[in-house]
Amino acid sequence: MFRQGLWIEDLRTPPGQECSNGSLILLAVVLWRTFPGRPGAAPPRRVSYGRVLPMKLLKVKTARFSQVVEKSGKPEVYTLWQKPAADRHFQSQLTNNRVMTILKSDSGTDFGVVGFKERKGATYLAFPKSLKQFADKRVVGIDWALLSR
């Protein structure tokens, strides 16, 4: 029957512990994650090497970083040396819609979001002109060579 640790072979289980709740829960979780078709799950996507992965859909429109730079000017990297609420210059940039937050996606590529999103590892760009026309878009194709020096 099942033991307390499914992958531990040499350990002896105490009497009466052949099928504990922990191993049953682990088995249930493994079975639940193995079989697609759970209610509300996205349709599976086949990958060339045979694994089935759920498809992740983005319902956000995108804009190219080069288009943003063309319309709003070359940005500068803005470093927060104090809390954002205490930084008056940063607050004025925020109210004028000139700040973009650069984040990393799950795949490791960079993308931008207009506005201030406080995240670990985020980079903030300050543009000379407003980014209001790109407010609801995900900015892709970040080219670090387009920053002003």
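1. Strands here are DSSP runs of E, at least two residues in length, and they are numbered from the N terminus. With that in hand, M100 can be placed in strand β5. Bear in mind throughout that this is a predicted model.

2. First, the overall inventory. The protein has 3 helices and 8 strands, and from the N terminus on they come in the order α-β-β-β-α-β-α-β-β-β-β. Of the 149 residues, 24% are buried. If you take the contacts between residues at least 6 apart in sequence, 56% of them join residues at least 24 apart.

3. Next, the sheet. It's an open one of 6 strands with mixed pairing, and the order reads β3-β8-β6-β5-β7-β4. β3 and β4 (76-78) sit at the edges with a single partner strand each, so each has one side with no neighbour in the sheet. On average, neighbouring strands are turned by 35° against each other, direction ignored.

4. Some pairings to check by eye. β3 (residues 61-64) runs parallel to β8 (residues 137-140), with 4 bridges between them; K61 has K137 as its bridge partner in β8. On the β6 side, β8 pairs in the antiparallel sense with β6 (residues 110-114), over 2 bridges. There, V113 has R138 of β8 as its bridge partner, while G112 stands opposite V139 in β8.

5. The β5/β6 hairpin deserves a look of its own. The two strands pair in the antiparallel sense over 5 bridges, and 5 residues lie between them. In the turn, G108 has a positive phi of about 100°. Going along the pair, T101 stands opposite V113 and K104 stands opposite D110. β6 itself is mostly covered, with 4 of its 5 residues buried.

6. What else joins K104 and D110? Their side chains meet in a salt bridge, at 2.9 Å from N to O. In general, side chains of opposite charge can pair when their charged atoms come close. The program's count comes to 1 salt bridge. How covered are the two partners? K104 counts as exposed because its relative accessible area, 56%, is over the 50% cut-off. D110, at 22%, is partly exposed.

7. Back to M100 in β5. Buried or exposed? M100 is buried, with a relative accessible area of 0%. The C-alpha atoms of M100 and V114 are 4.4 Å apart, although 14 residues separate the two along the chain. Leaving aside neighbours within four places in sequence, the contacts of M100 include F65 and V68, then G112, V113, V114 and G115, then T123, Y124 and L125, and also V139. F127 and L131 are on that list too.

8. Two of those contacts lead to helix α2: F65 and V68 are in contact with M100, and both are among the buried residues of α2 (residues 65-72), along with V69 and S72. These four are on the same side of α2, because they cover an arc of only 100° around the axis. The background is familiar: an α-helix has 3.6 residues a turn, so residues three or four places apart point the same way. The cover over the buried residues of α2 includes β3, β5 (99-104), β7 (123-126) and β8.

9. How does α2 sit on the sheet? α2 lies across β3, β5, β7 and β8, and runs at about 65° to β3. Helix α3 (residues 88-95) packs on the sheet as well, touching β4, β5 and β7, and its direction makes about 95° with that of β5.

10. Last, the helix ends. At the N-terminal end of α3, D87 acts as a cap, with a side-chain oxygen 3.4 Å from the backbone nitrogen of H89. After α3 comes N97, with a positive phi near 55°. After α2 comes G73, whose phi is also positive, near 90°.

Methods:
Residues are numbered from 1 along each chain as its sequence is written. This is a predicted model: local features need pLDDT of at least 70, side-chain atom pairs count only at pLDDT 80 or more; totals for chains, interfaces and linings use all residues. Side-chain values use heavy atoms; hydrogens and water are left out. A salt bridge is a side-chain nitrogen of Lys or Arg within 4 Å of a carboxyl oxygen of Asp or Glu. Buried means under 20% relative accessible area, exposed over 50%, partly exposed in between (1.4 Å probe, protein chains only). Two strands pair if DSSP finds at least two bridges between them. The arc is that of the directions from the helix axis to the C-beta atoms. Contact means heavy atoms within 4.5 Å. Axes are lines fitted to C-alpha atoms, for helices over the stretch in contact, and angles run from 0 to 180 degrees between N-to-C directions. A polar contact is a pair of N or O atoms within 3.5 Å; within protein, one must be able to donate a hydrogen and the other to accept it, and residues adjacent in sequence count only if both atoms are side-chain atoms.
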